[in-house]
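Q: Got a minute to go through this one with me? Let me pull it up.
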Amino acid sequence: MNFESFIQYELEIAEGDKPVTVLQDASGNAGCGVGATVWDAGLVLAKYLEWQTINGSLDLANKTVLELGAGTGIVGLALAKMQPKSTIVLTDKAELIPLLQCNIELNGALNAKAQCLDWNTDSTDFEPDVILVSDGIFASDLHQPLADVLQRVAGTKTRVLLAYETRVFSDEVNFFALWSRDFTFHDIKPADQHPVMRSEDIFVFEGRRKSSLGA
């Protein structure tokens with residue numbers, strides 16, 4: 001993949017003196033689709049994870065994190081920097097893997113790796129401790145595949161964090177109906193999110209498999 005037309009995006013985080021830097025195809029000329037750009041919901045999710053790290057409520061040492069639809073990888077790479085003892089697996093469609101690998105190398109993220117994962121057919125050979133999804137429900141034809149892949153890859157103790165920017169409420173309700181078949185979930189209130197990087201149009205949900213209740 002030729003990255004000459006790509007531009008850099010930098011996200012300042014509290015950990016370390018360097019921002020997380022990713023290449024993105026803001027013009028769309030590279031033909032990688034919408035996943036090759038940084039989306040606002042991803043920034044809100046990354047900063048929520050930063051806020052949890054700062055206040056001590058998130059410790060992912062020796063834990064494995066799976067990001068679905070990672071795109072540029074900015075969420076997972078931010079987490080890789082904030083939680084250096086974790087393992088971050090960034091997944092997306094095959095055409096985005098070169099971009100993910102490039103951004104991993106750009107950040108020197110030794111605890112992160114890129115892997116192709118098709119929501120319609122693929123699974124994983126490990127049980128993630130955390131699953132991250134940002135703006136994975138922007139199109140209605142993604143709802144069933146996302147619900148299906150979450151059902152396949154989430155374990156009984158997996159924590160799912162899903163952030164999205166609201167667009168068509170009636171469509172989004174349909175996704176949550178699908179997700180509720182196997183998971184219970186709740187929204188993260190704005191007061192519990194990052195004090196600056198949050199939006200009234202972007203929602204963050206936490207979910208777990210129903211079978212994990214009481215475990």
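Q: In which hand does H4 cross H5, left or right?
A: This is a predicted model, and in it H4 passes H5 in a right-handed crossing.
Q: And which residues make that contact?
A: On the H4 side they're His143, Gln144, Leu146, Ala147 and Leu150, and on the H5 side Asp171, Glu172, Phe175, Leu178 and Trp179. By class, that's six nonpolar, two polar and two charged residues.
Q: What's the packing angle between H4 and H5?
A: About 25°, with the axes 9 Å apart. That makes H4 roughly parallel to H5.
Q: OK, switching to the sheet. What's the strand order in the open one?
A: Its seven strands run S5-S4-S3-S6-S7-S9-S8, with mixed pairing.
Q: Which strands stand at the edges?
A: S5 (112-116) and S8 (183-187). Each has a single partner strand, so one side of each lacks a neighbour in the sheet.
Q: How do S3 and S4 pair, parallel or antiparallel?
A: Parallel, over four bridges. Val65 stands opposite Ile88 in S4.
Q: Which strands does H2 touch?
A: H2 (residues 74-82) packs on the sheet against S3, S4, S5 and S6, and its direction makes about 175° with that of S4. H3 (residues 97-107) also packs on the sheet, touching S4 and S5.
Q: What about S2, is it buried or exposed?
A: Five of its five residues are buried, so S2 is largely enclosed by the rest of the structure. Val20, Val22 and Gln24 point one way, Thr21 and Leu23 the other.
Q: How many bridges join S1 to S2?
A: Five, and the two strands run antiparallel. Glu10 stands opposite Thr21 in S2.

Conventions. Residues are numbered from 1 along each chain as its sequence is written. This is a predicted model: local features need pLDDT of at least 70, side-chain atom pairs count only at pLDDT 80 or more; totals for chains, interfaces and linings use all residues. Side-chain values use heavy atoms; hydrogens and water are left out. Axes are lines fitted to C-alpha atoms, for helices over the stretch in contact, and angles run from 0 to 180 degrees between N-to-C directions. Angles under 35 degrees count as roughly parallel, over 145 as roughly antiparallel, 65 to 115 as roughly perpendicular and the rest as oblique. A crossing is left-handed if the near helix is turned anticlockwise from the far one by less than a right angle, and right-handed if clockwise. Contact means heavy atoms within 4.5 Å. Ala, Val, Leu, Ile, Met, Phe, Trp, Tyr, Cys and Pro count as nonpolar, Asp, Glu, Lys and Arg as charged, and the others, Gly among them, as polar. Buried means under 20% relative accessible area, exposed over 50%, partly exposed in between (1.4 Å probe, protein chains only). Two strands pair if DSSP finds at least two bridges between them.
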